[in-house]
Amino acid sequence: MVINEKFLFSAGAEVKQYKPGDTIFHYGATPYFYYQIIKGKVKLNNYNKDGKELIQKIVTDGESLGESLLFIGKPYPMDAVALEPCSIIKLCQNNFFSMLNVYPQLYFDLCKELSDCLYYQYIMLQANSSQNPSERIMGVLDYLKTSKKDYPPFSLKIPFTRQQIASLTGLCVETAIRTIKDLEKRKLIMIKDRKIYF
């Protein structure tokens, strides 16, 4: 959890419900709210000129989305779309900044979250700059493993579909599927009941 919910609610936050496919905010809109997920999964994505989707990140329970843009006032460079039913805390920008002024210790929690987002971007930029599809996919899997507690081999269930892995890595779905099968043959991942384990 980025910010303890009691601080958000004391500042006037409300809970909004979103259905799968609902847009929380869209590309080009001005940021006016702080969002933190109570439960659910949201993708931050863009589409290129050919209509191909690139998922920048998938955020889930306890994570926030788009908060860095509240500080610079620039429009969203991506969409935020619910992937499953979501309960999301929504706090207006003015109340958000007032809350930070009243509880300055929350800046540390926020800085930690922003640092984690930057770390993710660095890892993904490095992995996705490779021409090798295996390196791209392993970049996503390695990040997931380092962001969680220690897991024995093949015990971390990957929470993404093959389509989502393709969109996260900029690969076409067919290439992602072939590469995942190859990674399984090389014993770098395990597939059980159509789910990927790393």
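**Charges, fold and Lys 57**

Me: What makes up the two charge centres of the protein, and how many Å apart are they?
Reply: They're the mean positions of 26 positive and 20 negative charges, and they lie 4 Å apart. Lys and Arg count as positive, Asp and Glu as negative, with His and the chain ends not counted. Each charge is placed at NZ of Lys, CZ of Arg, CG of Asp or CD of Glu. Mind you, this is a predicted model: local features need pLDDT of at least 70, side-chain atom pairs count only at pLDDT 80 or more, and totals for chains, interfaces and linings use all residues. Residues are numbered from 1 along each chain as its sequence is written, and side-chain values use heavy atoms, leaving out hydrogens and water.

Me: Why does the radius of gyration agree with a compact globule?
Reply: The rule, over C-alpha atoms, is 2.2 Å times the number of residues to the power 0.38. For 198 residues that gives a value near 16 Å, and the protein has 18 Å, so the two agree.

Me: Where is Lys 57?
Reply: In strand β5, residues 53–60. Strands are DSSP runs of E, at least two residues, numbered from the N terminus.

Me: Why is Lys 57 said to have no salt bridge?
Reply: A salt bridge needs a side-chain nitrogen of Lys or Arg within 4 Å of a carboxyl oxygen of Asp or Glu. The nearest side chain of opposite charge, Asp 116, is 4.4 Å away, so Lys 57 has none. Lys 57 is nonetheless buried, meaning under 20% relative accessible area (1.4 Å probe, protein chains only).

Me: Which residues is Lys 57 in contact with, beyond four places in sequence?
Reply: Among them are Val 42, Leu 44, Asp 116, Tyr 120 and Leu 168. Contact means heavy atoms within 4.5 Å.

Technical notes: Helices (H or I, at least four residues) and strands (E, at least two) are DSSP runs, numbered from the N terminus. Buried means under 20% relative accessible area, exposed over 50%, partly exposed in between (1.4 Å probe, protein chains only).
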